[in-house]
Amino acid sequence: MSRLPEALRRVRFPVIGSPLFIISNPTLVIEQCKAGIVGSMPALNARPASQLDEWLAEITETLAAHDRAHPESPSAPFAINQIVHKSNDRLEHDVALCAKYKVPIVITSLGAREDVNQAVHAWGGVVMHDIINDRFARKAIEKGADGLIAVAAGAGGHAGVKSPFALIQEIRAWFDGPLALSGAMATGGAVLAAQAMGADFAYIGSLFIATPEARASDAYKQCIVDSNSDDIVYSNLFTGVHGNYLAASIRNAGLDPANLPESDPSAMNFGGNAVKAWKDIWGCGQGIGAVKSVQPVAEVVARLRREYQAARERLIQ
């Protein structure tokens with residue numbers, strides 16, 4: 001029997017599209033799932049909170065219609081990201097809506113909650129929890145998460161500092177369940193490399209910002225196309241949690257990317273400052289040197305598939 005839950009066995013290409021705060025929307029999620037990868041979005045992207053009901057209905061109904069019309073290539077499952085930090089006063093409301101639609105995968109962030117995991121399991125869902133080190137990984141599994149998302153150095157948005165080699169080997173020393181790797185991946189070769197290290201899935205976000213389906217400004221998308229890893233700045237100034245951001249957006253906000261002050265980690269703030277993280281300051285990972293143009297999701301995934309196959313063939317030559 002496969003060690004992966006049934007929902008994850010339905011993924012046709014080993015990629016999970018990471019939830020992008022503000023940017024992810026039903027259109028992006030649907031196109032990712034139709035292309036055979038997990039599409040995801042943060043519950044908090046739906047504003048007002050009542051909009052989440054509409055979005056979940058749209059996603060589930062559209063994917064069901066696609067599967068009826070294309071039984072030969074059914075959609076991958078979708079995921080909803082829940083911020084379980086105490087600052088999220090919508091958590092109970094949003095989890096209840098996920099229960100209503102039996103969301104297949106829930107990605108939990110910024111804390112591990114037994115009650116949330118139990119709620120997801122009650123409707124048959126799978127919980128993937130994102131972590132930045134082995135200590136947090138162990139806590140997440142102890143509290144009932146089914147799988148882990150290892151957020152390594154170079155990942156977009158909130159990210160850790162561990163090498164993916166170190167992080168994966170430490171986790172795989174004791175955990176044999178579902179594992180995704182996040183951090184600077186934007187090619188099919190990187191997807192294969194993640195699997196070679198021991199991950200089941202590559203967890204990719206920044207690549208999908210530069211798509212027509214993403215709810216990002218044209219300037220944001222073009223900045224990704226024009227930038228590379230040298231243009232990524234790691235700072236905790238904007239939210240209290242360290243993350244990776246595009247230097248150009250920091251300069252546009254009147255700040256010097258090379259001389260940013262430190263923030264108080266206890267003052268966690270998701271966009272409440274005069275300069276707002278994610279809206280004014282653009283999150284992005286180090287893998288964007290591979291992004292050469294703005295392309296539809298279907299074309300992006302098709303490219304990843306071609307590169308993945310080419311990488312496999314090189315290994316067996």
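**Helix H4, a helix pair and a buried serine**

Okay, let's start on the outside of helix H4: the face turned away from its buried side carries Glu92 and Lys100, both exposed, meaning over 50% relative accessible area with a 1.4 Å probe and protein chains only. Quick caveat: this is a predicted model, where local features need pLDDT of at least 70 and side-chain atom pairs count only at pLDDT 80 or more, while totals for chains, interfaces and linings use all residues. Numbering runs from 1 along each chain as its sequence is written, and side-chain values use heavy atoms, with hydrogens and water left out.

So, what's on the inside of H4? H4 covers residues 91–100, and Leu91, Asp94, Val95, Leu97 and Cys98 are its buried ones; buried here means under 20% relative accessible area. Look down the axis of H4 and those buried residues fall within an arc of 160 degrees, so they line one face of the helix. That arc is taken from the directions from the helix axis to the C-beta atoms. By helices and strands I mean DSSP runs, H or I with at least four residues and E with at least two, numbered from the N terminus.

Which elements cover that buried side? Helix H3 (51–69), strand E3 (78–83) and helix H5 (114–122) are among them. Zoom in on Asp94: its relative accessible area is 0%. Skipping residues up to four places away in sequence, Asp94 touches Ala43, Leu44, Leu52 and Gln82, where contact means heavy atoms within 4.5 Å. And just after H4, Lys102 has a positive phi of about 50 degrees.

Next up, a helix pair. H8 (residues 188–197) packs on H12 (residues 297–316) at about 60 degrees, with the axes 6 Å apart. The axes are lines fitted to C-alpha atoms over the stretch in contact, and angles run from 0 to 180 degrees between N-to-C directions. That makes H8 oblique to H12, oblique being whatever isn't under 35, over 145 or 65 to 115 degrees. From H8, Gly188, Gly189, Val191, Leu192 and Gln195 meet Leu304, Glu307, Tyr308, Ala311, Arg312 and Leu315 of H12.

Last stop, Ser235. Buried or exposed? Buried, at 4% relative accessible area. Ser235 sits in strand E10, residues 232–235. Beyond its neighbours within four places in sequence, Ser235 contacts Val241, His242, Gly243, Tyr245 and Leu260. Tyr245 is 10 residues away along the chain from Ser235, and their C-alpha atoms are 7.8 Å apart.
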